[in-house]
Amino acid sequence: MTNFLVSNYSLLSAPRSAVSKIQQELVIMQKQATTGRLADVGLTLGLRTSQSISLRSESESVARQLDTNAIISQRFSIMQNAMDSLAATGNSLLSSLIANGSGEPGTTANIDQAQASLQQFVGALNSSSGARFLFSGTATDQPSISFAKAGGGGTVDTYFAGSQAQTATADAFAAAFGFDQDDAAVADISASDLEAFLDGPFEDLFTTGATGGWTQNWSNAGDGTMVNRISDSESVKTSYSANDEAFRNIAKAYVMLSDLGNANMNESARQLLTSRAIETLSKGLNQLTQLQAEIGGSQSRLDIADETLDARKNVLTISISDLEEVDQYEASTRVTGLQTLLETSYALTARISRLSLLNYL
């Protein structure tokens, strides 16, 4: 005869331990069935966990670069739209100058159109993406073009609202000829004197540098440009400077037509002014086209970089999946089996709990 110990505790402990193990496995399987990923990557992969961490870190880096590139792409689009607007406005005025000639009826129309074009010019160069101004060079936190109020005391909205830039033009004109642009004596200015003014004092109003008229009266932009990385090995310019010669030539042509007493000039002086305005504006628009081509090249490089990054991200995703993914159908099937087993264990535990030692006597 064999002696053995029988107690309620030993009878209840065995199924309870089994229930606990089933519950733990059920939680794991439910998580894997829901996420399609190992519930505990470190525990399952062991030494290969570092490989999974490295792949995920690289994948996140690629995703961040793609997000950055999307922002850069948006900036390029805004810059191209602004330059398209500048080109359309400039070409429209250029066509009007050629069609209207230097006669008095056309001169008034040219002056009005030049004033409107100058206003549009400022708006286009102050284009921004978020809080970043795209034509401010390295000074992206401030508008590229702003007009200080003549005499101090803040800024004005336009060149023609009493700005320091307009005052500088008027002072240069008065110093050269001895009277203002709206004086009737403008009719006495000879073509040669006007040409000397355009090549000298007026030209100085649109130069850059510490003492340049453009830098002092028009532009807040830095001469440098911002550069952003678009891949591990490639970077592109993501801002341009309003100090570029293309923009200065366009503005110079607009001011030449609208603020040098064009309406009161004699025919020879007006012909010279119109001719020089056409020449300057054409040069500025050609330079603008070159800038647009440069941005277009950067956009193409960005597209290629995005394609490479997308392909790289797909490879990383597949590699991570090979390490961490589980068969969700199999996990769901296992969940169903564990739930059935758990219900059976509960029922068995309940029956055992109703047993008495009297049943063994």
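Here a biologist asks and a modeller answers about a predicted model.

Biologist: How many helices and strands does the protein chain have?
Modeller: The model is predicted. Its protein chain has both kinds of element, and the secondary structure comes to 11 helices and six strands.

Biologist: What share of the residues in the protein chain is buried?
Modeller: A residue counts as buried under 20% relative accessible area. The protein chain has 361 residues, and the buried share is 42%.

Biologist: Which residues touch the most other members of the largest nonpolar core?
Modeller: This core holds 66 residues. Helices that each supply at least two of them include α3 (49-100), α4 (104-125) and α9. The residues that touch the most other members are Phe121 and Trp218.

Biologist: Which helix gives the most to this core?
Modeller: α5 (164-177) and α6 (191-199) are among the helices that each supply at least two residues. The top contribution is 11 residues, and it comes from α10.

Biologist: How many residues are in the other core?
Modeller: This core lies apart from the largest one. Among its members are Leu55, Leu316, Ile320 and Leu323. Its residue count is seven.

Biologist: Is Asparagine 262 buried or exposed?
Modeller: Asparagine 262 sits in the loop between α9 (245-258) and α10 (267-324). Beyond four places away in sequence, Asparagine 262 touches Thr107, Ile111, Leu257, Arg270 and Leu273. Its relative accessible area is 3%. The cut-off is under 20%, so Asparagine 262 is buried.

How values were computed
Residues numbered from 1 in each chain as written. Predicted model: local features only at pLDDT ≥ 70, side-chain atom pairs only at ≥ 80, totals over all residues. Heavy atoms only, no water. Helix = DSSP H or I, 4+ residues; strand = E, 2+ residues; numbered from the N terminus. Buried < 20%, exposed > 50% of the residue type's maximum accessible area, 1.4 Å probe, protein only. Contact = heavy atoms within 4.5 Å. Core = buried A, V, L, I, M, F, W, Y, C linked by side-chain atoms within 4.5 Å.
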